Structure formats: C-alpha cells, structure tokens
Amino acid sequence: AWNPDRNEYLLAMRKVGYSDDGAEYYTTAVQRVAPDGSLLGPQTIVGATERYEVFGRVSFNPATGGYYLCWRDSVYPFFRTEDFQVRARELDSTGAPLGPIRQVAPGPEDGRGEFTASVACNTTSGEWLVVWWSYEGVEPYSSTIWGLFVAPSASNDTAAPTVTISSPGE
C-alpha cells in the first residue's frame, strides 16, 4: 500500500521461521519500502508465530495514516482446508501493530475453509472492508465470497457478522 504522507510503501509478506523441533512455519510480516526500492528499516512481524500465515494484503487509510492487514491463517502443520481462517490487524503509519490480531472470518467451527482475503479502506467512514473466498469442503462442493466491515481501532478478537457478496452460482 502506498502512503503519500511518508512517501513510502508498506508491503505484506510471509516470513519463514522454524519451531524448536525444527518444523517450518510462516508468519506475517511487513516491510517499508522507498519509491526507489530501497528497504526502510527492518521487517516487522505482525502475525503470530508457529502458524501457517500466507497471502497477506494491506490497505492504507489516508485519514489516519494507518494500515489494515489481513491474511489467511491456519494452525501448523495444516492438513485440512476447514482449518483455514482469515485474520487481520490494524497497523500504525510505520507498520507497527495496534491492538490484537483479530479473527475476521468464522473459521473451522462453521465447516468452511477461508481463502485469499483482500482489504480496502472507506476513507469517509474509516471502516475497513475485508473480503474473502470461502470453500465448503463437503458435497455438493461450493464456494461463497464473504465480506466484513471492520470499524477503525476495533478492539475485540472475535468474529463479527459477515455479509454475503456472492453465493454459489452467481
């Protein structure tokens, strides 16, 4: 995401790590980057450790100068798509975490696997819209696109009501 106030980008990425028993895992990190491509400061870990976090997406809010980051998450090692969730975190203007990691999508308790999240900012209200694709892994196989409006500086770590954007067959 581009931050015109700081004249820099904030990029989301997965960072490889290793647990004490040598198992590989991925956590979510961000990196500030100058327009010429040079790195600005160190990477900042914003996700949890010893999880499988991939496909990070970040959006900038020009009204606050902060960011919102979302990613696909699951326990590690993962074996079932039903374990995939969408998590998110608010970040300040430098990419440092503000508040806890939020579970955005309902996750495994509803029998769906949550995939490929994306995020956008409403610069008028300050709300974030997180959108993701969900796969129901039982016959008949189907998928739905879901969305969730997140208020700025949301402080709880629970899933909020979601809105259906596209149902199977649409």
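A salt bridge here is a side-chain nitrogen of Lys or Arg within 4 Å of a carboxyl oxygen of Asp or Glu. With that in mind, and remembering throughout that this is a predicted model, the tour can begin with a charged group of residues.

**Stop 1: Arg6, Glu8 and Arg32**

Select Glu8 and Arg6, which form a salt bridge whose closest N and O atoms are 3.0 Å apart. Glu8 is buried, with a relative accessibility of 3%, whereas Arg6 is partly exposed at 33%. Now add Arg32 to the selection, since this residue also forms a salt bridge with Glu8, the closest N and O atoms here being 2.8 Å apart. The pair joins distant parts of the chain, for Arg32 lies in strand 3 (residues 24-33) and Glu8 in strand 2 (residues 8-18), with their positions 24 residues apart in the numbering. Through shared partners, the salt bridges join Arg6, Glu8 and Arg32 into one network. Arg32, like Glu8, is buried. A search of the whole structure finds 2 salt bridges.

**Stop 2: Asn7 and the patch that includes Leu11**

Stay in this part of the sequence and select Asn7, which is found in the loop between strand 1 (2-3) and strand 2. Its phi is near 55°, a positive value in a residue other than glycine; most residues other than glycine have a negative phi. Asn7 is partly exposed, with a relative accessible area of 44%.

Next select Trp2, Tyr9 and Leu11 and show the surface, where these three residues make a nonpolar patch of about 270 Å². Leu11 belongs to strand 2 and is partly exposed, its relative accessible area being 38%.

**Stop 3: the whole chain**

Zoom out and switch to a cartoon, in which the chain should show 12 strands and 0 helices. Of its 170 residues, 43% count as buried. The accessible surface of the chain comes to about 8400 Å², and carbon and sulfur atoms account for 53% of that area. Among the contacts in the chain with a separation of 6 or more, 44% are between residues 24 or more positions apart.

**Stop 4: strand 7 and its hairpin**

Which residues of strand 7 are buried on each side? Select residues 85-91 to find out: this strand is mostly covered, with 7 of its 7 residues buried. In a regular strand the side chains alternate between the two faces of the sheet. Here one side carries Gln85, Arg87, Arg89 and Leu91 and the other Val86, Ala88 and Glu90, and all of these residues are buried, so that both faces of the strand are covered.

Extend the selection to strand 8 (residues 97-103), which pairs with strand 7 in the antiparallel sense over 4 bridges. Within this pairing, Glu90 stands opposite Leu98 in strand 8. The two strands form a hairpin with 5 residues between them, and in the turn Gly95 has a positive phi of about 90°.

**Stop 5: the nonpolar cores**

Keep Val86 and Ala88 of strand 7 highlighted and add Tyr68, Cys70, Val104, Ala105, Ala117, Val119, Cys121, Trp128, Val130 and Trp132, which completes the largest nonpolar core, a set of 12 residues. Strand 6 (66-75), strand 7, strand 9 (112-121) and strand 10 (128-136) each supply at least two residues of this core. A second, separate core has 10 residues, including Val30, Phe60, Tyr67 and Leu91.

**Stop 6: Cys70 and Val119**

Finish with two members of the largest core, Cys70 and Val119. Cys70 is placed in strand 6 and is buried, with a relative accessible area of 0%. Leaving aside residues up to four places away in sequence, Cys70 touches Phe55, Gly56, Arg57, Arg87, Ala88, Ala117, Ser118, Val119 and Val130. Draw a distance between the C-alpha atoms of Cys70 and Arg89, and the viewer should give 6.5 Å for residues that are 19 apart along the chain.

Then centre the view on Val119, whose contacts, with the same sequence neighbours left out, are Arg57, Val58, Ser59, Tyr68, Cys70, Trp128, Leu129 and Val130.

Methods: Residues numbered from 1 in each chain as written. Predicted model: local features only at pLDDT ≥ 70, side-chain atom pairs only at ≥ 80, totals over all residues. Heavy atoms only, no water. Buried < 20%, exposed > 50% of the residue type's maximum accessible area, 1.4 Å probe, protein only. Pairing = 2+ DSSP bridges. Core = buried A, V, L, I, M, F, W, Y, C linked by side-chain atoms within 4.5 Å. Contact = heavy atoms within 4.5 Å. Areas by Shrake-Rupley, 256 points an atom, 1.4 Å probe, with all protein chains shown as cover. Patch = residues over 30% accessible without salt bridge, like charges linked within 9 Å, V, L, I, M, F, W, Y side chains within 5 Å.
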